[in-house]
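Q: Could you pick one part of this model and take me through it closely? I would like to see how it fits with whatever surrounds it.

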Amino acid sequence: MDEQGLNDAAIMLMSLGEEEAAEVFKHLSPKEVQKLGETIARMRAVSKEKVDEVLTRFTNDAAAQSLLVSDTGNYVRSVLKRALGDDKAALLIDRILQGGDVSGIESLKWMDPLSVAELLRNEHPQIVAAILVHLDPDHASGILGQFTERQRGEVMLRIATLEGIQPTALKDLNEVLFKALAGGDKVRKSSLGGVQAAASIINLMGSGMDAAVLESIRGHDIDLAQKIMDKMFVFDDVAKLDDRSIQTVLREVASETLVVALKGAQPEVRDKILNNMSSRAAAAMREDLESRGPMRLSEVEAQQREILKTVRRLADEGQIALSGGGDDAFV
């Protein structure tokens with residue numbers, strides 16, 4: 001959700017009142033709650049015209065949609081069982097609705113990385129890997145940042161080689177994670193983990209941890225480390241995006257984030273971005289870059305990672321196509 005969307009959503013929630021807004025928040029992800037909460041906290045006076053505009057647009061959008069089935073999960077189960085019989089339907093239901101009951105994992109999404117790391121610190125790396133692949137890459141990378149270098153390497157090696165997850169693999173953590181994955185022995189594994197999952201998490205580590213983790217994996221399996229690197233998208237790869245993709249990304253990135261990120265960018269990356277801005281905006285950005293004094297590398301890398309998060313989100317949404325370390329585009 002871009003900044004304008006957040007502002008409109010905040011106005012909508014504030015218009016509903018506390019009780020109704022609270023009901024809406026119950027259906028949002030932890031990240032959405034945090035972003036909306038921060039937006040509401042920053043918001044002061046809003047014109048009546050703006051409120052009317054947001055409410056009118058919401059009313060029109062809502063009127064254009066219709067809820068055909070109240071519980072789509074149960075509907076799918078019932079239809080497939082009736083059409084295929086219990087046995088054949090069971091083969092498809094888990095694939096379609098995989099991860100439907102992950103209450104324990106969902107609870108982790110609301111916790112800060114340090115708290116989750118403390119919870120998992122003494123667990124076997126395979127268990128930690130099975131849990132982290134259910135979390136957003138930036139959340140998982142934050143959790144791994146709390147581990148020792150050796151632990152990070154062991155966990156990432158297992159994430160990269162993970163071909164699927166049996167819910168029973170998390171049985172030892174059920175009490176702590178509120179029965180993280182239900183279903184018992186008959187539930188089939190879901191397609192989580194693998195090289196792409198590992199690359200996405202390592203992408204967001206930074207501070208030298210990414211290189212150390214890759215070196216650790218390389219010590220176990222040179223080919224696997226190379227496959228991960230081929231799938232990684234680093235800030236320098238922004239220069240490989242086409243102009244349309246660059247412009248899409250720029251619409252989602254705050255000016256302050258961009259100027260800090262560009263302070264430590266390679267010339268080709270900086271030129272690629274500036275060439276996709278209007279002449280006036282590019283001139284203002286160049287002036288801002290020249291007027292900024294030296295900045296800590298950690299600050300620059302942090303803002304570059306924020307842009308990478310935006311790039312990855314837009315790629316996942318199908319709005320842009322990425323080209324990582326290899327020659328093939330991927331989304």
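A: **A close look, from one side chain outwards**

Gln304 is found in helix α18, where helices (H or I, at least four residues) and strands (E, at least two) are DSSP runs numbered from the N terminus. This is a predicted model, so local features need pLDDT of at least 70 and side-chain atom pairs count only at pLDDT 80 or more, while totals for chains, interfaces and linings use all residues. Residues are numbered from 1 along each chain as its sequence is written, and side-chain values use heavy atoms, with hydrogens and water left out.

Is Gln304 buried or exposed? Gln304 is buried because its relative accessible area is 12%; buried means under 20%, exposed over 50% and partly exposed in between, with a 1.4 Å probe and protein chains only. Leaving aside neighbours within four places in sequence, Gln304 is in contact (heavy atoms within 4.5 Å) with Phe235, Ala261, Gly264 and Ala265.

Glu301 also has its place in α18. With 23% relative accessibility, Glu301 counts as partly exposed. Glu301 and Ala261 are 40 residues apart in sequence, yet their C-alpha atoms are 6.9 Å apart in space.

Ala261 leads us on to helix α15, residues 255-263, whose buried residues are Thr257, Leu258, Val259, Val260, Ala261 and Leu262. Their cover includes α14 (243-250), α16 (267-275), α17 (279-291) and α18 (297-316). Within α14 you will find Ser245, which counts as buried because its relative accessibility is 4%. Apart from neighbours within four places in sequence, Ser245 is in contact with Ile320 and Ala321.

Helix α18 also takes part in the surroundings of α11: the buried residues of α11 pack against α9, α10, α12, α13 and α18. Seven of the nine residues of α11 are buried, so this helix is largely enclosed by the rest of the structure. The seven are Val195, Ala198, Ala199, Ser200, Ile201, Ile202 and Asn203. Helix α9 is mostly covered too, with six of its eight residues buried: Asp138, His139, Ala140, Ser141, Ile143 and Leu144.

How do α11 and α13 pack? Their angle is about 65° and their axes lie 8 Å apart; the axes are lines fitted to C-alpha atoms, for helices over the stretch in contact, and angles run from 0 to 180 degrees between N-to-C directions. The crossing is right-handed, meaning that the near helix is turned clockwise from the far one by less than a right angle, whereas an anticlockwise turn would be left-handed. On the α11 side Val195, Gln196, Ala198, Ala199 and Ile202 meet Leu224, Lys227, Ile228 and Lys231 of α13.

Both helices feed a wider cluster. The largest nonpolar core has 35 residues, and those with the most contacts inside it are Leu132, Met156, Ile159, Ile217 and Ile228. Such a core is a set of buried Ala, Val, Leu, Ile, Met, Phe, Trp, Tyr and Cys residues joined through side-chain atoms within 4.5 Å. The elements giving it two or more residues are α7 (113-120), α8 (125-132), α9 (137-144), α10 (149-160), α11 (195-203), α12 (209-220) and α13 (222-231). Not counting residues up to four places away in sequence, Ile217 touches Gly153, Met156, Leu157, Ile202, Leu224, Ala225 and Ile228. Apart from this core lies another, of 28 residues, among them Val238, Ile273, Leu274 and Ala282.

Stepping back, the chain has 18 helices and two strands, and 36% of its 331 residues count as buried. Of the contacts with a separation of 6 or more, 74% join residues 24 or more positions apart.

A word on confidence: pLDDT is the predictor's confidence in each residue, from 0 to 100. The chain's mean pLDDT is 75, and 74% of its residues reach 70 or more. Residues 179-191 have pLDDT below 50, and this stretch makes 38 contacts in the model beyond near neighbours in sequence. Residues 324-331 are likewise below 50, with 28 such contacts. Where pLDDT is low, the predicted coordinates should not be read in detail.
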